[in-house]
Amino acid sequence: MPTVLINPLNEAINLKVAPAARLSHLAGTKIGLLDISKPGGSVFLDRIEHLLKERFGVKDVIRVTKPTFTKPAPTDVIDLLSKAGCHGVIEALAD
Amino acid sequence: MLESGHAAPQFVLPDLDGREIEIHPGSGGCLYLLVFFETDCPTCRLTFPYLNSLAGLVEAGSCRIIGVSQDSLSSTREFVDQMQVRFPVLHDGEWKVTRAYDPLAVPTIFLIGEDGNVAKTQIAFDKNDLNEIAGLLLKGTPNQSVTLAGEFDGNPASKPGCTSRHLETTADGDSPAALNLYARTGARSSKIELGDDVDPIEYCLDAGFDPLPVVPPTIERVERMLGAVSLPPDQVIAHVPPNYGEATVEKIAAAAVMAGCKPEMMKPLITLTRAVCDERFNIHGVQATTHFAAPLVIVNGPIRKELGFASGSNVLSNVARANSTLGRALQLLLLNIGGARPGEMDMSTLGNPGKFSYCIAENEEESPWEPFHVEQGFRPDQSTVTLFAAEPPRGVSEHNARKGRTILRAICQNLTTIFGYRLCMGFEAFVVICPEHVRTLQRDGFDKDSIRRFLFDNTGIPLRAFDDDDGEGVQYLKAYEKITIDGEPCYRKFAHPSQIRIIVAGGTAGKFSAVIGSWATGPRGSQVVTYPIE
């Protein structure tokens with residue numbers, strides 16, 4: 001008699017989502033910066049915003065903050081970024 | 001939005017079989033309870049079981065409870081089936097009636113009086129409001145003393161809702177079908193046939209079911225486990241973050257087999273699966289953090305004796321099959337169903353030995369005080385599981401103290417170190433007091449409340465510890481509270497006495513207590529949850 005096991009792993013199929021197309025350039029774009037709300041995050045993102053504008057010619061930077069770093073971004077936070085018409089979003093950690 | 005005193009419009013909507021139903025509020029001496037809902041709204045899902053109960057309590061003819069769905073017919077049918085809705089549901093796919101009543105969010109409940117005017121509205125979920133509505137509907141009936149939403153039934157006191165569909169700017173009226181987190185029935189597990197030359201234990205290790213050997217989950221063993229509960233194997237108990245895998249009864253049984261559980265452990269394990277996926281506990285964050293956090297299971301009530309949970313000597317270690325296997329089964333579910341695989345989704349910097357198994361029971365027999373679950377509002381004869389996102393335990397050795405206060409001061413010193421010495425206010429602790437310390441404290445007149453108060457008032461970090469402004473804590477100083485402890489200016493460690501929770505556990509010999517610190521706590525982190533085992 002062969003041994004037959006019940007598969008204990010998750011078998012639910014997750015939808016595969018293709019990543020968004022990479023940006024070919026940053027000049028003239030609108031970039032979202034998602035602050036995950038860890039202390040020091042704003043310091044880091046201030047510097048990123050400065051560099052994006054000064055060095056890469058980014059036109060606009062949209063800053064959005066998650067209510068807590070311990071949970072996924074709620075839909076309304078993601079909506080703020082998507083409705084702002086960002087060409088790309090940078091999610092940044094900080095500590 | 002219609003408010004109290006406004007006339008409630010009449011309307012006609014199809015039911016789920018396409019029959020046109022006319023609703024005339026104010027006619028026939030009958031109260032109406034209109035419930036606007038969406039099928040993918042977690043708060044609607046939280047509310048409907050209470051409305052189902054209410055539908056079974058009200059007297060026929062005196063009140064009509066009507067659900068008004070803002071979503072497609074197919075998702076509404078699925079919702080009604082999943083939630084086993086016990087009252088009529090109408091389909092407002094074009095939001096015609098929704099616009100007339102104009103709820104701001106879902107669920108919104110309109111109670112309409114016999115005069116046809118709105119008597120009360122309730123937006124989102126609130127137990128007090130639900131109980132008030134139930135009181136109005138059940139007044140003068142044999143059920144008038146029933147509490148619809150009990151304080152400690154495992155659900156939060158309140159929860160915000162979702163924006164009503166007609167106020168969403170981008171919704172198309174249909175629920176997103178990408179990931180159905182509310183499916184009540186899942187798929188049966190696939191089967192894995194092993195060749196005669198394959199050692200099943202080695203196979204399970206190679207397949208990554210756990211880095212420690214497991215009991216191979218053969219069909220026969222899993223069926224024995226399933227035989228201990230009267231639930232269908234494909235019933236989904238919860239979706240386990242961070243991957244939201246389906247924890248069907250069968251998958252839970254397979255985890256129980258692998259962990260070495262006895263079949264009777266299925267009941268608490270199913271409760272524990274629900275509890276760990278309670279969004280207040282935030283297992284998503286607990287699993288994905290770089291911190292030490294691991295879910296600590298605390299068992300209270302008669303089930304400790306019935307299933308052989310140890311609460312005495314060695315309670316935090318390898319002392320009893322019940323503790324070791326329940327804690328391990330939970331970890332196997334988090335790993336294999338939730339997807340929190342170390343180095344992939346579980347990115348803890350150093351980890352926690354509790355991730356093998358971290359399950360203790362309170363030593364209620366050696367405690368002169370109320371057990372933890374009774375403090376939470378449960379009856380002593382109820383059994384519960386509590387979950388705490390915990391650091392590893394820290395030992396408090398105090399063999400020289402003659403006074404209870406001295407023991408508590410030793411615990412205070414230890415409490416200063418949880419999470420980080422200079423980090424205050426945002427963290428919690430379980431203090432595990434050993435029986436010998438309990439006796440000294442009781443002799444000196446302490447109980448759990450006065451211990452908690454003493455620890456709260458006497459745990460602080462001296463201001464001088466912050467002389468060097470480089471390092472942890474300085475970024476939060478504005479939120480810290482200055483107090484004086486024994487003449488020394490300090491920052492208070494805890495924001496509130498309720499952040500210190502006390503249980504009695506351990507053997508009767510040895511004056512060793514323990515402090516178990518938390519991960520980030522409160523609504524922005526992980527909240528302690530206690531579920532009754534029913």
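In this predicted model, Glu250(B) has a relative accessibility of just 1%, so it counts as buried. Its salt-bridge partner is Arg188(B), and the closest N and O atoms of the two sit 2.9 Å apart. Glu250(B) belongs to helix H7 (residues 249–259) of chain B, while Arg188(B) is found in the loop between strand E11 (162–163) and strand E12 (191–194), so this contact ties together parts that are 62 residues apart in sequence. Unlike the buried Glu250(B), Arg188(B) is partly exposed, with a relative accessible area of 47%.

Another pair in chain B follows a similar plot. Glu375(B) and Lys448(B) meet through their side chains in a salt bridge, 3.3 Å from N to O. Here distant parts of the chain are linked once more: Glu375(B) sits in helix H12 (residues 372–375) and Lys448(B) in helix H15 (residues 448–458), 73 residues apart. Lys448(B) has a relative accessible area of 4%, which makes it buried, whereas Glu375(B), at 25%, is partly exposed. The two don't stand alone, either: salt bridges with shared partners join them with Glu362(B), Asp449(B) and Arg452(B) into one network.

Chain A has its own example. The side chains of Arg63(A) and Glu49(A) form a salt bridge, with 2.7 Å between N and O. Arg63(A) comes from strand E3 (residues 60–65) of chain A and Glu49(A) from helix H1 (residues 41–56), so the bridge connects parts 14 residues apart in sequence. Glu49(A) counts as buried at 18% relative accessible area, because the cut-off for buried is under 20%. Arg63(A), at 32%, is partly exposed. Over all chains, the count comes to 33 salt bridges. The general idea is simple: side chains of opposite charge can pair when their charged atoms come close.

Now for a strand with plenty of cover. Strand E3 (residues 31–37) of chain B has seven of its seven residues buried, so the rest of the structure largely encloses it. In a regular strand, side chains alternate between the two faces of the sheet. In E3(B), both faces are covered: one side carries Leu31(B), Leu33(B), Val35(B) and Phe37(B), the other Tyr32(B), Leu34(B) and Phe36(B), and all of these are buried.

E3(B) also has strand partners. It runs parallel to strand E4 (residues 63–69) of chain B, joined to it by seven bridges, and Val35(B) stands opposite Gly67(B) of E4(B). Together with helix H1 (residues 42–57) of chain B, E3(B) and E4(B) make up a right-handed β-α-β unit. E3(B) pairs with strand E7 (residues 108–112) of chain B as well, this time in the antiparallel sense and over five bridges. In that pairing, Leu34(B) has Phe110(B) as its bridge partner.

Not every nonpolar side chain is tucked away like those of E3(B). Leu104(B), Ile123(B) and Leu167(B) form a nonpolar patch on the surface, with about 240 Å² of accessible area together. Leu104(B) lies in the loop between helix H3 (96–101) and strand E6 (105–106) of chain B.

Zooming out, chain B contains 15 helices and 24 strands. Its radius of gyration is 26 Å, close to the 24 Å that the globule rule gives for 534 residues, so chain B is as compact as a globular protein of that length. Along the principal axes, its C-alpha atoms fill a box of roughly 80 × 70 × 50 Å. Of the 534 residues, 56% count as buried.

Methods:
Residues are numbered from 1 along each chain as its sequence is written. Chains are lettered from A and ligands numbered from 1 in the order in which they are written. Side-chain values use heavy atoms; hydrogens and water are left out. Buried means under 20% relative accessible area, exposed over 50%, partly exposed in between (1.4 Å probe, protein chains only). Helices (H or I, at least four residues) and strands (E, at least two) are DSSP runs, numbered from the N terminus. Two strands pair if DSSP finds at least two bridges between them. A crossover is right-handed if, with the strands pointing away from the viewer, the path from the first strand over the helix to the second runs clockwise. Patches are made of residues with over 30% relative accessible area and no salt bridge: like charges are joined within 9 Å, nonpolar side chains (Val, Leu, Ile, Met, Phe, Trp, Tyr) within 5 Å. Accessible areas come from the Shrake-Rupley method with a 1.4 Å probe; for residues, only the protein chains shown count as cover. A salt bridge is a side-chain nitrogen of Lys or Arg within 4 Å of a carboxyl oxygen of Asp or Glu. The radius of gyration is taken over C-alpha atoms; the globule rule is 2.2 Å times the number of residues to the power 0.38.
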